[in-house]
Amino acid sequence: MITVENISKSFGEVQAVKDVSLVAEDGKITALLGANGAGKTTSMRMIYALITPQTGVVTVDGINSTDDPVSARARMGVLPDARGLYKRLTARENMAYFGRLQGMSEAQIKNRSGELIERLGMEKFADRQTDGFSQGQRVKVAIARAILHDPQNILLDEPTNGLDVMSTRAIRTFLREEKARGKCILFSSHVMQEVSAVCDEITVIDAGAVVAVGTEAELLAQSNQSNLEDAFVSLVTAGAGA
Amino acid sequence: MISKAFKTVYWKEVMENLRDKRTMMSSVIMGSFLGPIMALGIIYLTANMGKEKAEKQLELPVVNMAYAKNLEKHFISQDVKIINLDKSPEAAIKDKDHDAVLVIDEKFGEDMAAAKPAKVMLYYDASAKGAANVTVKRIRSLVNAYSSQIGAMRLQLRGVSPNLMNAVMIENHDQSTAQSQGAQLMLFLPYFLIIGLFMGSMYLAIDTTAGEKERKSLEPLFLNPVSRVDVLSGKLAATVSFGLLTLVLTLIAFKLTMPFYPTKSLGITLSLSVVDMLLMLLILLPLSLLAGSIQTIIAAFSKTFKEAQTYVNLVIFIPLIPSMLLMFMPVKEKLWMMATPILSQNIIINQMIRGEDVSWTNIGVSMLGTLIVGALLAWFAVRLYNKESMLFAD
């Protein structure tokens with residue numbers, strides 16, 4: 001479980017994120033929905049303890065991530081916005097490298113990568129060097145290496161960005177399975193269909209601040225719209241007008 | 001003390017780099033073999049050219065030889081081939097037709113008969129390369145020999161001993177040994193060794209920092225539950241290892257090319273025993289930490305691989321400065337020099353090549369001084385990424 005309370009961050013004069021709060025519970029998929037440049041990536045970076053918030057607190061399973069970022073990171077598996085692979089290592093070696101840095105034993109790495117390769121459908125390219133992989137193949141490897149240590153909390157920054165239908169479906173199915181296993185999943189997206197298809201809770205952010213929180217049904221009711229896209233536009237423009 | 005993260009990062013970087021055959025060829029192999037082979041070529045060329053000019057029959061273009069019949073006889077007796085010149089002496093030198101041209105003054109015979117200094121004009125280019133100077137020297141000594149021969153005869157005719165002319169006589173005692181003369185040729189060795197070191201670590205220093213940032217794998221790497229200092233230390237250790245590997249290969253390459261140096265025809269000795277080589281390795285060891293750290297720091301501040309490459313390439317010229325200085329001016333070593341990285345290694349290796357005794361104090365001061373500077377830079381390098389703004393390329 002991840003709780004975020006009033007985090008803010010500015011770069012120079014630009015306030016990228018102000019007073020963002022949210023709760024991502026175990027056994028649920030929570031979305032951070034916002035347009036490009038709304039502050040999603042900066043918020044995510046603070047939540048996964050890469051950068052330190054200037055105000056507010058992030059706790060991961062009760063661990064304050066500013067005080068103890070290393071322990072907090074051990075509880076999370078993160079697919080960040082940057083998802084570069086090592087092109088001279090095979091997919092399996094890419095995964096093993098991160099597994100070792102997570103402190104896993106060689107036997108654990110072997111079992112767990114075998115499992116993820118099967119579940120994400122990576123058998124055909126698992127032992128090839130990743131140079132020349134397709135976008136979809138690369139994202140699968142990046143997800144697999146991020147959650148090799150089977151963390152309780154899974155964070156993904158725009159996971160299906162630039163993927164085709166088949167890869168997108170494979171990843172959605174995977175996330176639903178992880179949810180069923182009681183994991184806490186938080187992902188950011190600007191794609192309405194995506195959020196609508198998999199998410200239980202939605203936090204809408206715009207210009208670095210939260211404008212609405214709720215389930216899809218609640219957001220529709222709140223904005224008097226019949227689909228999430230219209231609801232989003234309505235919520236964001238209302239926020240801008242206020 | 002050595003964390004698991006450090007070892008994991010170190011072995012991953014080493015293995016990944018070994019798999020990159022093109023980089024291995026261009027940095028490690030080229031870095032180590034280029035120097036020795038280039039040096040061998042240059043020495044061969046200069047040795048052969050100098051030898052040719054010194055031993056070959058001297059071809060001497062003379063203008064107005066007819067004014068000095070006796071001098072002509074002297075030249076011929078000394079196996080000089082006198083040739084005619086079809087253009088002005090100035091043009092002949094300028095066009096590089098000849099190294100030197102001798103012109104006999106019109107009043108040569110007249111002055112000679114009157115026992116006044118008879119004049120010959122020597123045209124040459126003092127800024128020309130070494131081999132041309134050999135020719136000029138030979139002509140000078142031929143003319144001087146003739147001059148003193150005639151002078152001595154004149155004095156004898158007047159009943160005066162020619163020895164009266166030699167008030168002071170210089171007796172030459174050249175203290176250079178065959179080895180120290182050989183050292184003249186080997187002055188470039190420290191430079192090539194240090195360059196090899198820098199070249200070997202350059203690629204990884206860039207690839208593991210600016211390269212990773214550009215390929216967007218740095219952020220995911222830092223999301224693992226390990227300290228950034230551990231990750232960077234592993235990367236730096238891998239960088240330094242490749243610098244050392246290149247250094248060892250450079251030493252081996254020199255050892256292998258040594259028998260092919262034209263030592264006999266130059267009358268010099270070159271020796272580099274295995275013990276000498278190991279000592280050089282020991283002396284250069286701390287420098288590899290310094291090289292890898294400087295390169296890592298510079299690369300970390302760059303946003304792309306290309307940008308980093310431009311700056312890091314410039315760093316390679318730093319070791320050139322002390323090497324060049326030492327090539328042109330003899331330096332009496334002082335303790336502060338021994339504490340100065342790069343300069344101290346240059347001086348000590350030069351001393352070893354010249355066959356001089358190298359004091360262990362100097363070696364100790366050099367290693368310690370370089371190690372301290374290297375450790376400070378390394379300390380800074382592994383902490384660079386604790387600053388948030390360093391994490392992202394955009």
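How many residue pairs are in polar contact across the interface of domain 1 of chain A and domain 2 of chain A? I began my notebook with this question, and I kept in mind throughout that I was reading a predicted model.

**Entry 1: the two domains of chain A**

I found six residue pairs in polar contact across that interface, counting pairs with both residues at pLDDT 80 or more. On the domain 1 side, I noted that α2 (69-74), β7 (153-157) and α6 (165-180) of chain A each supply at least two residues to the surface that touches domain 2 of chain A. Of these elements, α6(A) provides the largest share, with six residues. Sorted by class, this side of domain 1 of chain A has eight nonpolar, three polar and seven charged residues.

I then looked up the bounds, and the assignment for chain A gives domain 1 as 2-75 + 153-241 and domain 2 as 83-150. Their C-alpha centres lie 25 Å apart, and 18 residues of domain 1 of chain A are in contact with 14 residues of domain 2 of chain A. I wrote down about 1,200 Å² as the area the two domains of chain A bury between them, with 55% of it on carbon and sulfur atoms. The count of salt bridges between these two domains is four. I also recorded the salt bridge that R119(A) forms with E178(A), in which the closest N and O atoms are 2.6 Å apart.

**Entry 2: strands of chain A**

Next I followed the strands, and I found an open sheet of four strands in chain A, in the order β2-β1-β4-β5 and with antiparallel pairing. Its edge strands are β2 (14-24) and β5 (63-64) of chain A, each of which pairs on one side only. Within chain A, I traced β1 (residues 2-11) against β4 (residues 55-60), an antiparallel pair held over five bridges, and I saw that T3(A) stands opposite T59(A) in β4(A).

I looked as well at β9 (residues 201-206) and β10 (residues 209-214) of chain A, which pair in the antiparallel sense over five bridges. Here I205(A) has V210(A) in β10(A) as its bridge partner. The two strands β9(A) and β10(A) form a hairpin with two residues between them, and in the turn I noted A207(A), with a positive phi of about 50°.

**Entry 3: chain B**

Turning to chain B, I read its division into domain 1 (4-47 + 179-390) and domain 2 (57-173). The centres of these two domains of chain B, taken over C-alpha atoms, are separated by 52 Å.

**Entry 4: where the chains meet**

Which elements give two or more residues to the side of chain B that touches chain A? Before answering, I set down that the contact takes 27 residues from chain B and 30 residues from chain A. The two chains bury about 2,800 Å² between them, with 57% of it on carbon and sulfur atoms. I counted five salt bridges across this interface, and I looked up one in which the side chains of E93(A) and R19(B) meet at 2.7 Å, N to O. For polar contacts between chain B and chain A, I found 15 residue pairs, both residues at pLDDT 80 or more.

The elements I was looking for are α1 (4-19), α8 (189-214) and α9 (218-222) of chain B. Among them, α1(B) gives the most to this side, with eight residues. By class, the side of chain B that touches chain A has 12 nonpolar, three polar and 12 charged residues.

Notes: Residues numbered from 1 in each chain as written. Chains lettered and ligands numbered in written order. Predicted model: local features only at pLDDT ≥ 70, side-chain atom pairs only at ≥ 80, totals over all residues. Heavy atoms only, no water. Domains from an automatic or database assignment. Contact = heavy atoms within 4.5 Å. Buried area = accessible area lost by both parts, 1.4 Å probe. Polar contact = N/O pair within 3.5 Å; in protein donor to acceptor, adjacent residues only side chain to side chain. Nonpolar A, V, L, I, M, F, W, Y, C, P; charged D, E, K, R; others polar. Pairing = 2+ DSSP bridges.
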